[in-house]
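Reader: Could you take me slowly through one part of this structure, the sheet and the helices that pack around it? I am in my first year, so please explain how the pieces sit against each other.

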Amino acid sequence: YRPNVAARALRTGTARTVGLVVTDVTHPFFGPVLRGAQVAAWRAGYAVALVDVANDPDRELASFEALRAGPVDGFLFFTIDPPESSGEHVVALEVSPPGLSFVRFDTERGTELAMRHLLELGHTRIGHLGSELDAETFRLRRETVLRVLGEARLEPGPYARAPLRFAEAMGPAVELLDAPQPPTAIYCDDDLLAGGVELAARERGLRIPDELSVVGFDDLPFARV
């Protein structure tokens, strides 16, 4: 998320106010990235109007229409597919819509590195705790998990989806650990989900990493503890 990349994309338009639409502003990952996008917009001479749709698809279109009806004539969409009528002055973050400028993680490579690390540790039963949010980045993570396991000639381990919250991720994580053939390692789409797995492991009396390996994605500051 280099600000100069987004700034160059925004300079292609003539808008002076940008609507920034995000799925969930309370998530600790989004804050620093939103700030980076905001700084990029400022450098390009734009003001920013922020809208949080709280993971509600119905609010996405309503928020977009409200912004478009006002002074906003350029958009940044974060983990949200831009509506077809969003116009030409659009930059997408963490989605890659055809024909539009976008900035996103190399999600596939990051997931592959995490999975291969678990394989190198000797794990053959690797579970996956995915995000319940239906977004491109999480679909790519699931596809990559299955591809890496297939290349290693391993059957997919148990899979569950959960909200991006510690407490709410704990229940689905317990389901993974209680599977008939429980995983010895769990790949998580997000560090908050990894925290939910650690809570579940504590509930089941499992020691990390002695009895269960857990890997998250995003490298949020709290992950070091």
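Author: A word on angles comes first: axes are lines fitted to C-alpha atoms, and angles run from 0 to 180 degrees between N-to-C directions. Please keep in mind throughout that this is a predicted model.

With that in hand, helix 6, which spans residues 166-177, lies across strand 6, strand 7 and strand 8, and runs at about 175 degrees to strand 7. Because angles over 145 degrees count as roughly antiparallel, helix 6 and strand 7 can be described in that way.

The strands just named belong to an open sheet of four strands, whose order is 7-6-8-9 and whose pairing is parallel. At the edges stand strand 7 (159-162) and strand 9 (213-215), each of which pairs on one side only. From one strand to the next, the twist averages 20 degrees. In general, strands of a sheet pair through backbone hydrogen bonds, either parallel or antiparallel. Here, strand 6 (residues 126-131) pairs with strand 7 in the parallel sense over four bridges, and Ser131 stands opposite Ala162 in strand 7.

Helix 4 (residues 107-120) also packs on this sheet, where it touches strand 6, strand 8 (185-188) and strand 9, and its direction makes about 175 degrees with that of strand 8.

Helix 4 has a helical partner as well, since its axis and that of helix 5 (residues 136-151) come within 9 Å and cross at roughly 40 degrees, which makes helix 4 oblique to helix 5. Their crossing is right-handed. On the side of helix 4 the contact includes Thr107, Met115 and Leu119, while helix 5 contributes, among others, Leu140, Val145 and Val148. Sorted by class, this contact of helix 4 with helix 5 has six nonpolar, four polar and six charged residues.

Returning to helix 6, we find that it packs with helix 7 (residues 191-203) at an angle of about 60 degrees, with their axes 7 Å apart, and this makes helix 6 oblique to helix 7. Helix 6 passes helix 7 in a right-handed crossing. Phe166, Ala169, Met170, Ala173, Val174 and Leu177 in helix 6 meet residues of helix 7 that include Leu192, Gly195, Gly196 and Ala200. By class, the contact of helix 6 with helix 7 has twelve nonpolar, two polar and two charged residues.

How values were computed:
Residues are numbered from 1 along each chain as its sequence is written. This is a predicted model: local features need pLDDT of at least 70, side-chain atom pairs count only at pLDDT 80 or more; totals for chains, interfaces and linings use all residues. Side-chain values use heavy atoms; hydrogens and water are left out. Two strands pair if DSSP finds at least two bridges between them. Helices (H or I, at least four residues) and strands (E, at least two) are DSSP runs, numbered from the N terminus. Contact means heavy atoms within 4.5 Å. Angles under 35 degrees count as roughly parallel, over 145 as roughly antiparallel, 65 to 115 as roughly perpendicular and the rest as oblique. A crossing is left-handed if the near helix is turned anticlockwise from the far one by less than a right angle, and right-handed if clockwise. Ala, Val, Leu, Ile, Met, Phe, Trp, Tyr, Cys and Pro count as nonpolar, Asp, Glu, Lys and Arg as charged, and the others, Gly among them, as polar.
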